[in-house]
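Here is the note you asked for, set out as numbered points that can be read beside the display. Please keep the view open while you work through the points in order.

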Amino acid sequence: SPSLTQKQESILIQCEQLNNRVLRLEEELKKRKNARISSFQLKPCHVNPARNVTNSTADLKEGGLQVVKGAREKNLADFQIWAVPENYYSWELEERARCLGTPSLSPEHLCKTIVLQTSDPLRHYGIVIQYTTRIDPVKVENFISSLSYPPVPSKLSIAKEAEELTGFKHNAICPIGMKTNIPLVLSKEIL
């Protein structure tokens, strides 16, 4: 087998560390597999709550119901969904952070999921990053091409069919509850 470059070895070590973390999480899920989820928490926004809400799926819109269903299918024991006003996505990030009560009320704790596609072969990936950062296309392309051996260079673009693939509307894609099982790439800053 050809020798690996130092960068490839580093990537393999990072992949192994992530794989070990995934295995630990899978083990935890197996332990919880028989646990029944009786309810979830649906909370109102801390700033300008749209309305009073209850811990009932009756208060959720379609996307929220999809997240609840996905969380239950993954046997997530504890999760919260926040009810926000319709104009939430027009707010500044700091106001959104206050609304959700993030630690230190900082927008660095807010994340977004963007669905990208490779050019050849056509594959889709969900990229989860902090709202306060931008995707570095070269870094993501290099990472995704490194997932195959030998590495296959591929150009990335925004997937136009993201809503069809995920079941979520634009600006509301959640990594939990997607209609299609899309591989997720998480920014190391949020791990």
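**Notes on the aromatic residues, the sheet and two helices**

1. Y89 is partly exposed, with a relative accessible area of 37%, and this is a convenient residue to begin with. The model is a predicted one, and the values in this note should be read with that in mind. Y88, in contrast to Y89, is buried, because its relative accessible area of 7% falls under the 20% limit used for that word.

2. How are the planes of Y88 and Y89 placed in their aromatic pair, edge-to-face or stacked? The structure holds 2 aromatic pairs, and the one formed by Y88 and Y89 is edge-to-face, with 5.0 Å from centre to centre and 85 degrees between the planes. Ring pairs also bring in W91, so that Y88, Y89 and W91 are linked into a cluster.

3. R96 deserves a careful look, since two rings are involved with this residue. The charged end of R96 sits over the ring of Y88, at 5.5 Å from its centre, and R96 also lies over the face of Y131, where the distance to the ring centre is 5.3 Å.

4. R96 also belongs to the buried set of helix α3, which includes A97, C99 and L100 as well. Seen down the axis of α3, the buried residues fall within an arc of 160 degrees, and they therefore line one face of the helix. A general point helps here: an α-helix has 3.6 residues a turn, so residues three or four places apart point the same way. Strand β2, residues 80-83, is among the parts that cover the buried residues of α3.

5. After α3 comes G101, and the phi angle of G101 is positive, near 65 degrees. Further on, S106 is found in the loop between α3 (93-100) and β3. S106 counts as buried because its relative accessible area is 10%, which is under the 20% limit. Although S106 and E94 are 12 residues apart in sequence, their C-alpha atoms are 6.5 Å apart in space.

6. In what order do the 4 strands of the open sheet run? The order is β5-β3-β4-β6, and the pairing is mixed. Strands β5 (156-158) and β6 (184-186) are at the edges, each pairing on one side only, and the twist from one strand to the next averages 35 degrees.

7. Within this sheet, it is worth following one pair of strands residue by residue. Strand β3, residues 111-118, pairs with strand β4, residues 124-130, in the antiparallel sense, over 7 bridges. As one example to locate in the display, T113 stands opposite V128 in β4.

8. Helix α4, residues 137-146, lies across β3, β4, β5 and β6, and runs at about 115 degrees to β5. In α4 the residues V140, E141, I144 and S145 are buried. They cover an arc of only 130 degrees around the axis, and so they are on the same side of α4. On the other side of α4, V138 and K139 are exposed.

9. Which strands do the buried residues of α4 pack against? They pack against β3, β4 and β5, whereas the helix as a whole lies across β6 too. When checking this point, please compare the side of α4 that carries V140, E141, I144 and S145, which are buried, with the side that carries V138 and K139, which are exposed.

Technical notes: Residues are numbered from 1 along each chain as its sequence is written. This is a predicted model: local features need pLDDT of at least 70, side-chain atom pairs count only at pLDDT 80 or more; totals for chains, interfaces and linings use all residues. Side-chain values use heavy atoms; hydrogens and water are left out. Two strands pair if DSSP finds at least two bridges between them. Helices (H or I, at least four residues) and strands (E, at least two) are DSSP runs, numbered from the N terminus. Axes are lines fitted to C-alpha atoms, for helices over the stretch in contact, and angles run from 0 to 180 degrees between N-to-C directions. Contact means heavy atoms within 4.5 Å. Rings of Phe, Tyr and Trp (its six-membered ring) pair if their centres lie within 6.5 Å; planes under 30 degrees apart count as stacked, over 60 as edge-to-face and the rest as tilted. Buried means under 20% relative accessible area, exposed over 50%, partly exposed in between (1.4 Å probe, protein chains only). A charge sits over a ring if NZ of Lys or CZ of Arg is within 6 Å of the ring centre and within 35 degrees of the ring normal. The arc is that of the directions from the helix axis to the C-beta atoms.
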